[in-house]
Amino acid sequence: MTEPSAQAADEAVLTSVSNGVGRIELNRPKLINALSQDMVGAIDDALNAWRDDDSVSIVLVTGRGERGLCAGGDIKAVYNDIVAGSDENAKFWNREYKMNFAISEFPKPYVVIMNGITMGGGVGISGHGSHRIVTDSTKVGMPETGIGLFPDVGGTHLLANAPGELGTHLALTGQPVGPGAAIALGLADHFLPDAQVPALIADLTAGGDLDTVLGEYATEAPADELAEAAGWINECYVGDSAEDIVAALAAHADPDAQATAELIGTKAPTSVKVTLAAVRNAETMTLAEVLEQDYRVAVTLTGLPDLKEGIRAQVIDKDRSPKWSPASLAEVSDETVQSILTTDHEEKVFS
């Protein structure tokens, strides 16, 4: 058994091996375990080390603290890097997307407990795993259009494969879902109550058989809260035009559809259009192709004004009043969208 050393107790990622279980614990609870470049590297390094290590039979990923697995990337660090004009954001995304792919092809069971807030980069470290466990407190989402970014970390791959247009709805609105919808949309596999999580972890790390332990603790998930909305979602989100989608939502008889049109109207217009195109592209792409697209888009958006402005409005000044540029969907041309999706950069995720 290998335990984190006392000197490593303050490390942002703690790794250990016990009875065949390689544990990865995110350890920034005050920041809801927001991912830094060093954390991404530590996770990737652990997976590389354990891939062919016979002493590790499964990997178990958890987040410390009561608020959630992971709130996403550290967007204050993203903001600071934009202000500094450095290339650290590009390095972060490149390594993160490599890690996301490593999770997807990991040859052993990859078990992740998606309690509480599991958003953005948190979806990247959970959604591509083999055994994705949600709990009562789970809130899964990709809220990036609200800060001038887009659902990256392979998120469009997951959302494009959700039933009907439900994934498109989540991508454009950034709205999170609970455990029932997460399972129904293919973002998770198993449900157990939060109160049972410590016992499940204890049994697994004591050497319990994974399928047996899941069979003992997993139970029926709560209802899918998007089930009733699926009708108007599938009706309104068809096609490749963000303007047409918003118009259809605004004209629909259901008040929730009308409210959704207003919600999308608060998001960064460039992000909304790029996100829709990225989701449509992802329908026919492999995960590796999506992650390569993610890198092109993320690096390009870093050079545009909305990402800096969105983070400023949400977490720096907290005035919640971003001034998007351009300010409307109509001002974002199809040529601009395609340029963002296709512009190559010096580095690649997969060379």
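This briefing walks through the sheet, the helices and a few local backbone features of the structure above. The model is a predicted one. At its heart for our purposes is an open sheet of six strands with mixed pairing, in the order β1-β2-β3-β4-β6-β8. Helices α1 and α9 both lie on strands of this sheet, and they are treated together below.

**The sheet and its edges**

- The edges of the sheet are β1 (13-18) and β8 (190-191); each has a single partner strand, so one side of each is left without a neighbour in the sheet.
- Strands β1 and β2 (residues 21-26) run antiparallel and are joined by six bridges.
- Within that pairing, S16 has R23 of β2 as its bridge partner, and V13 stands opposite L26 in β2.
- The hairpin of β1 and β2 has two residues between the strands, and N19 takes a positive phi near 50° there.
- Although β1 is an edge strand, five of its six residues are buried, so β1 is largely enclosed by the rest of the structure.

**The parallel strands around β6**

- Strands β4 and β6 run parallel, with four bridges between them; in this pair, V112 has R132 of β6 as its bridge partner.
- On to the next pair: β6 and β8 are also joined in the parallel sense, over two bridges, and I133 has H190 of β8 as its bridge partner.
- Both faces of β6 are covered, with H131 and I133 buried on one side and R132 and V134 buried on the other.
- That arrangement fits a simple rule: in a regular strand the side chains alternate between the two faces of the sheet.

**Helices lying on the sheet**

- Helix α1 (residues 37-50) lies across β1, β2, β3 (58-63) and β4 (110-114), and runs at about 175° to β2.
- Helix α9 (residues 210-217) packs on the sheet as well, touching β4, β6 (131-134) and β8; the direction of α9 makes about 20° with that of β6.
- Which residues of α9 are buried? They are L210, V213, L214 and Y217.
- Seen down the axis of α9, these buried residues fall within an arc of 100°, so they line one face of the helix.
- The spacing behind such a face is familiar: an α-helix has 3.6 residues a turn, so residues three or four places apart point the same way.
- The buried residues of α9 pack against β4, β6, β8 and α8 (197-205), while the face turned away from them carries the exposed residues D211, T212, G215 and E216.

**Helices α11 and α13**

- In helix α11 (residues 242-251), the buried residues include A242, I245, V246 and L249.
- Viewed down the axis of α11, its buried residues fall within an arc of 95°, so they line one face of the helix.
- Among the elements covering that buried side are α6 (166-173), α10 (230-236), α12 (255-264) and α13; on the other side of α11, D244 and A251 are exposed.
- Helix α13 (residues 269-282) has 13 of its 14 residues buried, so α13 is largely enclosed by the rest of the structure.
- The length of α13 also checks out: at 1.5 Å a residue its 14 residues should span 20 Å, and its end C-alpha atoms are 20 Å apart, which agrees.

**Loops with notable backbone geometry**

- I32, in the loop between β2 and α1, has a positive phi of about 50° although it is not a glycine; at 9% relative accessibility, I32 counts as buried.
- K318 sits in the loop between α15 and α16 and has a positive phi of about 60°, again without being a glycine.
- Is K318 buried or exposed? K318 counts as exposed, at 53% relative accessibility.
- P326 is in the loop between α15 (305-316) and α16, and the peptide bond from S325 to P326 is cis, with omega near 0°.

**Cysteines and a long-range pair**

- The count of disulfides comes to zero.
- C70 counts as buried at 0% relative accessibility, and C236 is buried with a relative accessible area of 3%.
- D334 lies in helix α16 (residues 334-342) and is exposed, with a relative accessible area of 56%.
- D334 and G41 are 293 residues apart in sequence and 36 Å apart in space, C-alpha to C-alpha.

Technical notes
Residues numbered from 1 in each chain as written. Predicted model: local features only at pLDDT ≥ 70, side-chain atom pairs only at ≥ 80, totals over all residues. Heavy atoms only, no water. Expected span 1.5 Å × (residues − 1). Buried < 20%, exposed > 50% of the residue type's maximum accessible area, 1.4 Å probe, protein only. Disulfide = S-S within 2.5 Å. Pairing = 2+ DSSP bridges. Contact = heavy atoms within 4.5 Å. Axes fitted to C-alpha atoms, helices over the stretch in contact; angles between N-to-C directions. Arc of directions from axis to C-beta.
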